[in-house]
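The exercises below ask for step-by-step reasoning from coordinates to short conclusions. Please try each task before reading its solution.

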Amino acid sequence: MRTSKQEEFKQLGAAGFSDSVTNEMVLHSLEKQKILEAQFFQYIKDVRKICTPDQQVKFDTSFYKI
């Protein structure tokens, strides 16, 4: 992520910090964040799948505390 962000900053500087490039970078960052969030939620869902029914009840009420 860090290397990607550095490249984005270089592009932003090379483009003179134009509004259109800034907006493009924001949209690109949002898309990457969306992918990461989806992967995280899928991971949580996968963990829940390996739980027994009794464990699922406990998981459902406490996973967000982790």
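Rings of Phe, Tyr and Trp, the last by its six-membered ring, pair if their centres lie within 6.5 Å. The model to which this rule is applied here is predicted.

**Exercise 1. Aromatic rings**

Determine how many aromatic pairs there are, which residues form the aromatic cluster, and how the pair Phe-59 and Phe-63 is to be classed.

Solution. A pair of aromatic rings is described by the distance of the centres and the angle of the planes. With the rule above, the count comes to three aromatic pairs. For Phe-59 and Phe-63, the ring centres are 5.3 Å apart and the planes stand at 15 degrees, so this pair is stacked, given that planes under 30 degrees apart count as stacked. Phe-59, Phe-63 and Tyr-64 together form one aromatic cluster. As a last step, consider the accessibility of the two stacked residues: Phe-59 has a relative accessibility of 14% and therefore counts as buried, whereas Phe-63, with a relative accessible area of 33%, is partly exposed.

**Exercise 2. Two residues of helix α1**

Place Lys-5 and Glu-8 in the secondary structure, class each as buried, partly exposed or exposed, and describe how each is related to a residue elsewhere in the sequence.

Solution. Lys-5 belongs to helix α1, which covers residues 2-14, and Glu-8 is placed in helix α1 as well. The cut-offs needed are under 20% for buried and over 50% for exposed. Lys-5, at 32% relative accessibility, is therefore partly exposed, while Glu-8 has a relative accessible area of 7% and is therefore buried. Turning to their partners, Lys-5 is separated from Ser-29 by 24 residues in sequence and by 8.9 Å in space, C-alpha to C-alpha. The side chain of Glu-8, for its part, makes a polar contact of 3.0 Å with the side chain of His-28.

**Exercise 3. The chain as a whole**

Decide whether the protein chain is a compact globule or more spread out, and describe its surface and charges.

Solution. The protein chain contains three helices and zero strands, in the order α-α-α along the sequence. Its radius of gyration is 19 Å, well over the 11 Å that the globule rule gives for 66 residues, so the protein chain is more spread out than a compact globule. The C-alpha trace spans about 60 × 20 × 15 Å along its principal axes. Buried residues account for 12% of the 66 residues, and the protein chain exposes about 5,800 Å², of which carbon and sulfur atoms supply 61%. Finally, there are 10 positive and 9 negative side chains, and the centres of these two sets lie 7 Å apart.

How values were computed:
Residues numbered from 1 in each chain as written. Predicted model: local features only at pLDDT ≥ 70, side-chain atom pairs only at ≥ 80, totals over all residues. Heavy atoms only, no water. Helix = DSSP H or I, 4+ residues; strand = E, 2+ residues; numbered from the N terminus. Buried < 20%, exposed > 50% of the residue type's maximum accessible area, 1.4 Å probe, protein only. Phe/Tyr/Trp six-rings, centres within 6.5 Å; stacked < 30°, edge-to-face > 60°. Rg over C-alpha atoms; globule rule 2.2 N^0.38 Å. Areas by Shrake-Rupley, 256 points an atom, 1.4 Å probe, with all protein chains shown as cover. Lys, Arg positive; Asp, Glu negative; His and termini not counted. Charge placed at Lys NZ, Arg CZ, Asp CG, Glu CD. Polar contact = N/O pair within 3.5 Å; in protein donor to acceptor, adjacent residues only side chain to side chain.
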